[in-house]
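Hi everyone, thanks for coming along. I'd like to walk you through a structure that may be new to you, so let's bring it up on the screen.

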Amino acid sequence: MEALKQELKENIIEQLNLEDMSVEDIADDDMLFGDGLALDSIDALELIVMLDKNYGIKLTDPKEGRTIFESINTMAAYITEHRSK
Amino acid sequence: MNTNYNISSYCHIKNQQVSLNGSVIFSEESLEFSEFIKAAYKALNTKYPKFFKMDNLSKLAFLAADILLKNEQIDSEKENDIALVFSNSASSLDTDLTHQKAIQDKDNYFPSPAVFVYTLPNICLGEISIKYKLYTENSFFIFERFNAENLMTYSNSLLETNKAKSVLCGWVELEGENYEAFLYLVSNEGTIKHNKQNIITLYNT
């Protein structure tokens with residue numbers, strides 16, 4: 001699980017072009033949207049693509065994203081349970 | 001039509017150089033565009049994290065506009081009455097090709113939403129408008145080559161009909177490693193007469 005969290009942080013920084021941010025800047029329970037990393041709606045779509053491309057998870061209900069993408073902790077837990085690759 | 005308008009500032013980004021009103025303010029040779037524009041952003045103290053999410057055409061247009069408008073001491077915290085009239089030849093082809101690569105393999109079909117949103121040339125006008133609170137007229141023309149006469153006629157018309165107090169206009173072209181931005185601000189201020197010959201002379205500076 002810790003390796004997955006590290007991987008998620010690295011991918012988020014790279015895929016979402018968070019230029020001035022490093023892995024150390026993202027705590028496992030930081031809010032990804034809102035007051036935390038302040039990601040926007042396009043970032044949310046990129047995260048959905050990332051789940052599909054990297055872990056074979058297709059989100060059919062966009063409302064699910066709200067809880068899945070709450071933090072690195074919630075993303076890692078969901079991926080661990082649902083990944084197909 | 002009143003044609004007594006002036007050019008108060010102009011900015012070039014090309015050949016790994018950034019210049020403002022004819023003076024080089026940043027230069028970094030032997031860098032590819034993505035590294036060059038990032039180095040210029042940092043050296044010119046731009047401080048706008050969303051910059052790194054933009055495509056290359058928007059980065060080029062945004063940085064040129066930001067340099068010029070900061071020089072004009074435009075307050076980005078207040079609404080500004082500046083229209084935008086930009087042009088180029090390649091439209092958003094650079095980003096269109098990036099998007100096309102992501103969708104050409106049906107077995108590996110993962111188009112990026114963050115790339116797709118930049119597959120129109122006028123998106124760069126939106127980026128500038130967000131930073132400087134411009135709720136004004138904006139247009140992006142596709143010309144075969146730099147067209148001083150058309151830009152002049154259109155910006156004069158906007159000023160004459162009180163659509164805006166000033167017009168930021170010019171040419172923003174990017175295709176791979178070939179890039180060129182030339183922007184200039186037209187209004188009642190400034191000392192360079194806004195006419196076709198002066199626009200061409202500044203463009204070729």
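Let's begin with a small piece of chain B: strand 2 and strand 3 of chain B form a hairpin, with two residues between them. Have a look at the turn, where Asn21(B) has a positive phi of about 50°. Please keep in mind as we go that this is a predicted model.

How do the two strands of this hairpin run relative to each other, parallel or antiparallel? Strand 2, residues 17–20 of chain B, pairs with strand 3, residues 23–27 of chain B, in the antiparallel sense, and four bridges join them. For one of the pairs, find Gln17(B): its bridge partner in strand 3 of chain B is Ser27(B).

Now let's zoom out to the whole of chain B. Its secondary structure comes to seven helices and eight strands. Among contacts in chain B with a separation of 6 or more, 68% are between residues 24 or more positions apart. As for burial, 38% of the 205 residues of chain B count as buried.

What about its dimensions? Along its principal axes, the C-alpha trace of chain B spans about 60 × 35 × 35 Å. The radius of gyration of chain B is 17 Å, which agrees with a compact globule, because one with 205 residues would have a value near 17 Å.

Finally, chain B has company. Eight of its residues are in contact with nine residues of chain A. On the side of chain B that touches chain A, six residues are nonpolar, one is polar and one is charged.

Thanks for listening, everyone!

Technical notes
Residues numbered from 1 in each chain as written. Chains lettered and ligands numbered in written order. Predicted model: local features only at pLDDT ≥ 70, side-chain atom pairs only at ≥ 80, totals over all residues. Contact = placed C-beta atoms within 7 Å. Nonpolar A, V, L, I, M, F, W, Y, C, P; charged D, E, K, R; others polar. Rg over C-alpha atoms; globule rule 2.2 N^0.38 Å. Buried ≥ 20, exposed ≤ 12 C-beta atoms within 10 Å, placed from the backbone. Pairing = 2+ DSSP bridges.
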